[in-house]
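Hi,

Here is the structure I promised to pass on. Have a look at it first, and then read my notes underneath.

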Amino acid sequence: MNSPVEDDGEFLSKMRQLGLSENEGKVYYIIFHLKSASVKDIYAFSGVPRNKIYSVLASLETRGFVENSGGKPVRYAAVDTKKIFDRLRAESINVYNTIETYLNNFERHNNIPDRMSLKSYELSSGWVVETHLQNLCSKSKEEMVIFVNDMEYFKNHFSDKALKQLSRRLFLRVLVADPVFAEQIPLPCYLLSQDILKQIGTADDFVQKIHSENRIICLSDRTEMLSINMTERGVTGTVIYFRKQTMFSLIYAALFAHLTEVRK
């Protein structure tokens with residue numbers, strides 16, 4: 001017997017996107033077009049084997065796509081489309097919320113570092129780097145860490161007066177690669193040497209890298225980092241944005257557990 005409606009491959013494709021199996025899509029296709037159909041009608045027009053019809057109908061009913069009349073003979077009708085999709089949307093939101101909560105809890109309980117960077121970009125000229133450095137110092141609200149690997153560049157961009165103003169407004173920490181640098185800085189400094197980095201271990205390869213490749217690094221409020229480099233093109237920079245309580249929080253803990261204050 002021929003189907004009363006033209007076979008529609010696109011319909012079945014859409015149903016697969018909703019998670020229906022091939023047989024579920026075929027059965028739902030017939031019920032959707034006929035509005036109400038008996039098991040005999042469904043078997044005759046759907047092409048689904050007789051021994052699978054009832055299990056397919058039970059699955060569609062459980063998933064809220066069809067409902068049965070409860071009479072004899074039983075007839076199946078398609079549930080109102082709006083009702084179906086209102087339910088699917090609500091279920092999807094609930095699933096996403098549940099999984100998000102699970103992942104957040106899993107991450108917190110297992111001390112898994114958050115993804116480090118949300119966004120990064122390069123600064124290709126000295127003027128752009130200096131402008132960004134000035135803006136970073138102005139907009140920092142709570143904390144700034146400055147790592148000094150090039151004393152000349154540092155002194156050219158941070159006067160003693162500017163450092164003291166920053167220290168009054170922010171929790172300011174200055175890390176130096178060489179203890180001699182501390183003699184020229186009017187604030188307590190912490191020595192970040194290669195020996196100290198070795199004590200911290202391989203988890204801080206990122207810190208090892210910035211120690212060797214950058215002139216100075218400014219980390220603002222643990223959410224934004226500016227690293228300033230000297231390349232063949234001249235002064236360049238890299239800006240990286242971080243989430244709060246990211247891997248840098250773990251690096252902080254490791255760093256300041258080993259750092260020694262440099263006394264002038």
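Below is what I found, going from the whole protein to a ring cluster and then to a strand.

One thing to keep in mind as you read: this is a predicted model.

**The protein as a whole**

You'll find eleven helices and eleven strands in this protein. It has 264 residues, and buried ones make up 40% of them. The exposed surface comes to about 15,500 Å², with carbon and sulfur atoms supplying 51% of that area. If you take the contacts with a separation of 6 or more, 60% of them are between residues 24 or more positions apart.

**The aromatic rings**

How many aromatic pairs are there? The count comes to six. One of them is F11 with Y28, a tilted pair whose ring centres are 6.1 Å apart and whose planes make an angle of 35°. F11 belongs to helix α1 (residues 9-17) and Y28 to helix α2 (residues 22-34), so this pair ties together parts that lie 17 residues apart in sequence. Are these two residues buried or exposed? F11 has a relative accessibility of 15%, so it counts as buried. Y28 is buried as well, with a relative accessible area of 4%.

F11 also pairs with Y29. Here the ring centres are 5.0 Å apart and the planes stand at 65°, so the pair is edge-to-face; the cut-off for that label is over 60 degrees. Y29 is in helix α2 while F11 is in helix α1, so this pair ties together parts that are 18 residues apart in sequence. F11 and Y29 are both buried.

If you zoom out from F11, you'll see a cluster: ring pairs link F11, Y28, Y29, F32 and F65. One member, F32, has a charge over its ring, since the charged end of K35 sits there, 5.0 Å from the ring centre. There is another such arrangement at Y43, where the charged end of R50 sits over the ring, 4.3 Å from its centre.

**Strand β6 and its neighbours**

Next, turn to strand β6, which covers residues 171-176. Why can it be called largely enclosed by the rest of the structure? Five of its six residues are buried, so the description fits.

Which strands does β6 pair with? Strand β5 (residues 143-148) runs parallel to β6, and six bridges join the two. On that side, M144 stands opposite L172 of β6. Strand β7 (residues 189-191) also pairs with β6 in the parallel sense, over three bridges. There, V174 has C189 in β7 as its bridge partner.

L172 is a good residue to click on. It is found in strand β6, and its relative accessibility of 15% means that it counts as buried. Its C-alpha atom is separated by 5.9 Å from that of V145, although the two residues are 27 residues apart along the chain. Leaving aside residues up to four places away in sequence, L172 touches M144, I146, L163, L166, S167 and L187. So M144 turns up twice for L172: as the residue opposite it and among the residues it touches.

To find your way around, you could start at F11, which is part of the ring cluster, and then go on to L172 in strand β6.

Cheers

Definitions and conventions:
Residues are numbered from 1 along each chain as its sequence is written. This is a predicted model: local features need pLDDT of at least 70, side-chain atom pairs count only at pLDDT 80 or more; totals for chains, interfaces and linings use all residues. Side-chain values use heavy atoms; hydrogens and water are left out. Rings of Phe, Tyr and Trp (its six-membered ring) pair if their centres lie within 6.5 Å; planes under 30 degrees apart count as stacked, over 60 as edge-to-face and the rest as tilted. Helices (H or I, at least four residues) and strands (E, at least two) are DSSP runs, numbered from the N terminus. Buried means under 20% relative accessible area, exposed over 50%, partly exposed in between (1.4 Å probe, protein chains only). A charge sits over a ring if NZ of Lys or CZ of Arg is within 6 Å of the ring centre and within 35 degrees of the ring normal. Two strands pair if DSSP finds at least two bridges between them. Contact means heavy atoms within 4.5 Å. Accessible areas come from the Shrake-Rupley method with a 1.4 Å probe; for residues, only the protein chains shown count as cover.
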